[in-house]
Amino acid sequence: STPGQRPFFLQCSFPDPHHPFTPPGRYWDMFDPAGVRLPDTFGAELVDPPPMVAWMREHRRRHPDFRPGHGAFAASEQEVREALALNHGSLACIDDAVGLVMAHLRQAGLDEDTVVIFTSDHGDLLGDRGLMFKGGLHYAPLTRVPFIWRDPGQARHHGRVVPALAQTIDIAPTILARAGLRPANGMHGQDLLPVLAGDATQVREALLIEEESQRSDFGFDRRVRMRTLRDHDVRYTLYDGQPWGELYDLRSDPFELRNLWHEP
């Protein structure tokens with residue numbers, strides 16, 4: 001493309017970083033497992049955690065050779081270090097690939113006339129609480145993902161970090177609004193442009209995070225179904241058919257180490 005041509009939309013998807021952790025070529029040993037930093041919660045003491053955390057730890061203790069193809073599991077320190085190092089390599093590979101995209105935009109004279117968005121579908125536990133992979137838990141490493149909006153039309157806001165609560169369902173209506181189009185009928189997401197432009201501080205008071213698993217993990221007698229309501233102060237999670245749940249005071253306990261569910 002060259003300036004003056006019709007508008008274009010390009011979606012560039014990368015399967016990594018994701019397990020299995022297999023960064024290509026020079027990225028494979030770019031980081032030393034011995035030198036990576038373990039998550040702050042790796043060996044942290046947990047107060048009344050959801051039962052599946054204890055289940056995963058006990059399952060690994062009884063089956064030390066257990067290596068799942070999917071779903072969260074308890075991992076050793078060496079496994080976490082190796083996964084983190086390889087994941088860092090994957091991230092470096094993605095950084096370079098995004099850099100190539102940006103370089104081509106500049107070469108085509110389009111970098112100052114193109115909105116660039118960077119995000120991800122989910123996170124990974126990567127050693128948080130000594131666990132790996134994803135699913136059935138709504139700790140921040142899984143539910144908080146990067147979202148970068150680079151907009152030449154809002155140059156005065158470059159580099160600004162916005163604390164507003166947003167969800168992936170907000171991305172599509174925001175893109176449509178930026179293109180001057182109305183959202184499709186039935187879209188539940190919010191237009192984030194007022195926040196991105198600095199005209200508003202929020203578009204919603206809380207997030208609703210939904211999970212509908214197809215499997216009965218963690219020794220459950222049914223598939224995992226859960227709902228989380230989260231704002232800046234509290235994370236509240238319900239599990240279908242279970243007499244327990246999760247409640248965290250995010251102000252005093254940002255790492256979600258003390259579950260308040262059973263406290264009157």
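This report covers the overall make-up of the chain, then its salt bridges and its aromatic pairs.

The model is predicted: local features need pLDDT of at least 70 and side-chain atom pairs count only at pLDDT 80 or more, while totals for chains, interfaces and linings use all residues. Residues are numbered from 1 along each chain as its sequence is written, and side-chain values use heavy atoms, with hydrogens and water left out.

**Overall make-up**

The protein chain contains five helices and eight strands, in the order α-β-α-β-β-α-β-α-α-β-β-β-β from the N terminus. Helices (H or I, at least four residues) and strands (E, at least two) are DSSP runs, numbered from the N terminus. The C-alpha trace spans about 65 × 45 × 35 Å along its principal axes.

Of the 264 residues in the protein chain, 36% are buried. Buried means under 20% relative accessible area, exposed over 50%, and partly exposed in between (1.4 Å probe, protein chains only). The accessible surface of the protein chain is about 15900 Å², and carbon and sulfur atoms hold 54% of that surface; the areas come from the Shrake-Rupley method with a 1.4 Å probe. Among contacts in the protein chain with a separation of 6 or more, 59% are between residues 24 or more positions apart, a contact being heavy atoms within 4.5 Å.

**Charges and salt bridges**

The protein chain carries 28 positive and 37 negative side chains, and the centres of the two sets are 2 Å apart. Lys and Arg count as positive and Asp and Glu as negative, with His and the chain ends not counted; each charge is placed at NZ of Lys, CZ of Arg, CG of Asp or CD of Glu.

There are 20 salt bridges in the structure, each a side-chain nitrogen of Lys or Arg within 4 Å of a carboxyl oxygen of Asp or Glu. Three of them are tabulated here.

| Pair | Closest N to O |
|---|---|
| Arg26 and Asp96 | 3.0 Å |
| Glu58 and Arg61 | 2.6 Å |
| Arg178 and Asp151 | 2.7 Å |

The Arg178 and Asp151 pair links distant parts of the chain: Arg178 is in helix H4 (residues 171–178), and Asp151 is in the loop between strand E4 (147–150) and H4, 27 residues apart. Arg178 is partly exposed, with a relative accessible area of 38%, whereas Asp151 is buried at 2%.
Glu210, Glu212, Arg223, Arg225, Arg227 and Asp240 are joined into one network by salt bridges that share partners.

Glu58 and Arg61 are three residues apart in helix H1, and therefore separated by about one helical turn. Glu58 is partly exposed at 28% relative accessibility, and Arg61 is exposed at 58%. In the pair of Arg26 and Asp96, Arg26 is exposed, with a relative accessible area of 53%, and Asp96 is partly exposed at 36%.

**Aromatic pairs**

Five aromatic pairs are found in the whole structure. Rings of Phe, Tyr and Trp (its six-membered ring) pair if their centres lie within 6.5 Å; planes under 30 degrees apart count as stacked, over 60 as edge-to-face and the rest as tilted.

One of the pairs is Phe73 with Phe133, edge-to-face at 5.1 Å centre to centre and 75° between the planes. Phe73 is in strand E1 (residues 73–74) and Phe133 in the loop between strand E3 (131–132) and helix H3 (140–143), 60 residues apart. Both Phe73 and Phe133 are buried.
The pair of Tyr236 and Trp261 is stacked, because the ring centres are 5.9 Å apart and the planes are at 20°. Tyr236 lies in strand E7 (residues 234–239) and Trp261 in the segment after strand E8 (245–249), so the pair ties together parts 25 residues apart in sequence. Tyr236 is partly exposed at 34% relative accessibility, as is Trp261 at 23%.

Ring pairs also link Phe21, Phe73 and Phe133 into a cluster.
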